[in-house]
Amino acid sequence: MTAHDATPTGLPAELFTTIDHVGIAVPDLDEAIAFYAQAFGVRSVHEETNEEQGVREAMLAVGTGDTRIQLLAPLTPESTIAKFIGRSGPGLQQLAFRVDDVEAVSATLRERGLRLLYDTPRRGTSDSRVNFVHPKDAGGVLVELVEPARTPS
């Protein structure tokens, strides 16, 4: 067995398929999209409003587009993103891993003693199914599990 076959925690390599995106909390979505386009040449490839999550969001394609940056702006002062910005200021809010089966991965992580924020997955960007590992169980990082929609919208 090589060092790349398994991690010290025993997580199988197939638990996550790739890093799906990095989420960044921003106070103004349009301003942030313009900044990323002008400063870095990164363009928005998908925008939507997710009422359930309380955000307006944009997915920015990096390089070939397989890697994404998600910009998240609050819809209301009571939304989770607004509270995050109020507590921590704008910036890195989450690290999202792509998974083939969010329910199976959630169950595996629960068996390993991690708390997930939702009992069952919720709707994410482009009709994906998502859940989150509690930041207190992941070294202070909000870890998102993303199962892409079978037919992207």
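What are the helix and strand percentages over residues 18-148, and how many Å apart are the end C-alpha atoms? Over this stretch the chain is 24% helix and 40% strand, with 12 Å between the end C-alpha atoms. The model is a predicted one. UniProt, in an unreviewed entry, lists residues 18-148 as "domain: VOC".

## Sheet and helices

Eight strands make up an open sheet of mixed pairing, ordered β2-β3-β4-β1-β5-β8-β7-β6. Its edge strands, each paired on one side only, are β2 (43-50) and β6. In general, strands of a sheet pair through backbone hydrogen bonds, in either a parallel or an antiparallel manner. The table gives three pairings, each with a residue pair.

| Strands | Sense and bridges | Opposed residues |
|---|---|---|
| β5 and β8 | parallel, four bridges | Arg98 and Val146 |
| β7 and β8 | antiparallel, five bridges | Val133 and Val143 |
| β6 and β7 | antiparallel, two bridges | Arg123 and Arg129 |

Helix α2 (residues 80-88) packs on the sheet, where α2 touches β1 (18-25), β3, β4 and β5. The direction of α2 makes about 90 degrees with that of β4. Helix α3 (residues 102-111) lies across β7 and β8 and runs at about 15 degrees to β7.

## Strand β8

Strand β8 spans residues 143-147. Because five of its five residues are buried, β8 is largely enclosed by the rest of the structure. In a regular strand, side chains alternate between the two faces of the sheet. In β8, Val143, Leu145 and Glu147 point one way, whereas Glu144 and Val146 point the other way. Both glutamates of the strand, Glu144 and Glu147, are therefore buried along with the three nonpolar residues, since each position of β8 falls in the buried class.

## Nonpolar cores

The largest nonpolar core has 12 residues: Ile24, Val26, Leu29, Ala32, Ile33, Tyr36, Val42, Ala58, Leu60, Ile69, Leu71 and Ala73. Two or more of these residues come from each of α1 (29-40), β3 (55-62) and β4 (67-74). Helix α1 supplies the largest share, four residues.

Which residues is Ile69 in contact with, leaving aside its neighbours within four places in sequence? They are Val22, Ile24, Tyr36, Ala58, Met59, Leu60 and Val62. A second, separate core contains 10 residues, including Val99, Leu109, Val133 and Val143. Of these, Val133 and Val143 also stand opposite each other in the pairing of β7 with β8.

## Two loop positions

Is Ser126 buried or exposed? Ser126 is situated in the loop between β6 (122-123) and β7 (129-133). With a relative accessibility of 17%, below the 20% limit, Ser126 counts as buried. Its side chain makes a polar contact, at 3.3 Å, with the side chain of His46.

Gly140 belongs to the loop between β7 and β8. Because its relative accessibility is 61%, and the exposed class begins over 50%, Gly140 counts as exposed. The C-alpha atom of Gly140 is separated by 14 Å from that of Leu116, a residue 24 places away along the chain.

How values were computed
Residues numbered from 1 in each chain as written. Predicted model: local features only at pLDDT ≥ 70, side-chain atom pairs only at ≥ 80, totals over all residues. Heavy atoms only, no water. Buried < 20%, exposed > 50% of the residue type's maximum accessible area, 1.4 Å probe, protein only. Polar contact = N/O pair within 3.5 Å; in protein donor to acceptor, adjacent residues only side chain to side chain. Pairing = 2+ DSSP bridges. UniProt positions renumbered as here; feature names shortened; annotations may be inferred. Core = buried A, V, L, I, M, F, W, Y, C linked by side-chain atoms within 4.5 Å. Contact = heavy atoms within 4.5 Å. Axes fitted to C-alpha atoms, helices over the stretch in contact; angles between N-to-C directions.
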